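Trainee: I would like to learn how to read salt bridges in a model, starting from the overall fold and working towards single pairs.

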Amino acid sequence: MLVVAVGISFLLLQWVPHRLADAEAKQLKPSERLTHLNNVRGMVLQTAAGLAVLGGLIYTARGYVLSRQSQITDRYASAVSQLSSEYLDARLGGVFALQRLAGDSRHDVASITQVLSSFIVRRRPVTGSTQSWRMTSPERTGQLTQGPRPEADVQAALDVLGSMRRTTRAELAESDLRGAELQGLSFERGDMRRCLLRGSNLRQAILREAELDGTDLRGARLDGADLTGGRLSRTDLRGAEIKEATFTDCSLSSARLDDAWASSVSLRRADLFSARLDGARLDGADLRDATLINVSLVRVDLTGADLSGADVYGADFTGAVLVAADLRSVQSLTPEQLNSAVLGQLTRLPAEFTHLLDDRAMPDDPGTGIVII
């Protein structure tokens with residue numbers, strides 16, 4: 001170390017100053033040459049001191065970063081271990097510790113999302129008994145029972161996942177979340193396929209591009225929820241409340257929406273191929289450019305609905321209320337489909353069907369013919 005110190009002193013006080021001063025010192029007098037050399041030596045020492053301070057700051061910052069990373073790692077490991085505790089309080093502590101950690105360390109948000117998703121699925125899986133329960137549940141939504149709600153730690157994990165609002169993907173497929181409180185939470189692009197979400201509160205929830213294929217949402221409340229671009233094939237929404245919800249560009253093929261309350265819902269460009277909406281309330285609904293091929297619309301209230309550009313090939317309008325509905329530019333509509341539908345003077349039909357509104361004769365058989373009110 002002494003040799004290194006002597007070497008550095010020699011470089012800073014003799015060799016470097018002489019090398020820098022030689023070019024100009026040759027033209028100076030001896031007394032001026034000494035003054036000039038001292039000035040150069042002072043600049044070299046000041047530069048070296050500045051570099052030393054900068055190096056110290058860099059070393060300190062590096063040490064701080066390493067220390068912080070070590071602390072985050074310790075906190076992460078401790079929180080994850082708490083999730084496996086047999087005590088509810090410890091599990092809750094682990095969930096909230098991960099929430100705090102997600103706020104402190106942006107780089108760990110993705111892994112924290114995966115950990116919490118795994119925790120929820122592990123705590124609330126769709127087991128054989130729940131599958132059997134789903135298959136044997138009553139057909140009528142009014143007869144459905146609620147089932148057990150998520151425990152406090154699972155609900156807390158859902159709250160944390162849904163409130164991070166980062167571009168992360170919650171993976172909750174095949175979890176039993178009946179009666180969960182998810183109002184206003186965000187599960188954008190989340191994987192919630194084949195979940196049990198019956199009776200859950202999803203009002204104002206953000207579920208854009210979420211995967212909900214085969215999910216049980218019977219009796220759920222989705223008023224004002226945003227499901228734009230979502231995948232809901234074979235999803236069960238019987239008896240659900242989806243007023244003013246957005247299903248724009250959704251895939252709802254073979255879905256069940258019987259008796260759903262869907263006033264003012266947006267189903268623009270939605271794919272409802274072979275879906276069943278018997279008895280649903282769709283008054284004021286936006287069904288522009290929707291695919292309604294082979295859809296069952298028996299007794300559906302479509303008062304004031306806009307079906308402009310919708311494809312209704314093979315759709316069943318038996319008993320459907322089409323008062324003030326806009327059907328002027330629907331595709332594949334036939335007079336037979338309007339048989340037994342309820343029309344009104346405000347119903348807007350294609351030009352070739354406007355004569356139906358002039359026929360006010362009530363049929364002898366109430367099950368056939370056009371009813372105009």
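Mentor: We begin with the chain as a whole and then turn to its charged pairs, keeping in mind that this is a predicted model.

Trainee: Which secondary structure elements does the protein chain contain, and in what order do they run from the N terminus?

Mentor: The protein chain has six helices and two strands, and from the N terminus on the order is α-α-α-α-α-α-β-β. Buried residues account for 44% of its 373 residues, and among contacts between residues at least 6 apart in sequence, 26% join residues at least 24 apart.

Trainee: What is the general idea behind a salt bridge, and how many does a search of the whole structure find?

Mentor: Side chains of opposite charge can pair when their charged atoms come close. In this case, the search of the whole structure returns 31 salt bridges. One of them joins D104 and R75, whose closest N and O atoms lie 3.0 Å apart; D104 belongs to helix α3 (residues 88-104) and R75 to helix α2 (residues 30-82), so that the pair links parts of the chain 29 residues apart.

Trainee: Are the partners D326 and R328 buried or exposed?

Mentor: D326 is buried, with a relative accessible area of 6%, whereas R328 is partly exposed at 48%, and their closest N and O atoms are 3.0 Å apart.

Trainee: Which residues are linked in a network of salt bridges?

Mentor: The network of salt bridges links R169, D191, R193, E211, D213 and R231.

Conventions:
Residues numbered from 1 in each chain as written. Predicted model: local features only at pLDDT ≥ 70, side-chain atom pairs only at ≥ 80, totals over all residues. Heavy atoms only, no water. Helix = DSSP H or I, 4+ residues; strand = E, 2+ residues; numbered from the N terminus. Buried < 20%, exposed > 50% of the residue type's maximum accessible area, 1.4 Å probe, protein only. Contact = heavy atoms within 4.5 Å. Salt bridge = Lys/Arg side-chain N within 4 Å of Asp/Glu carboxyl O.
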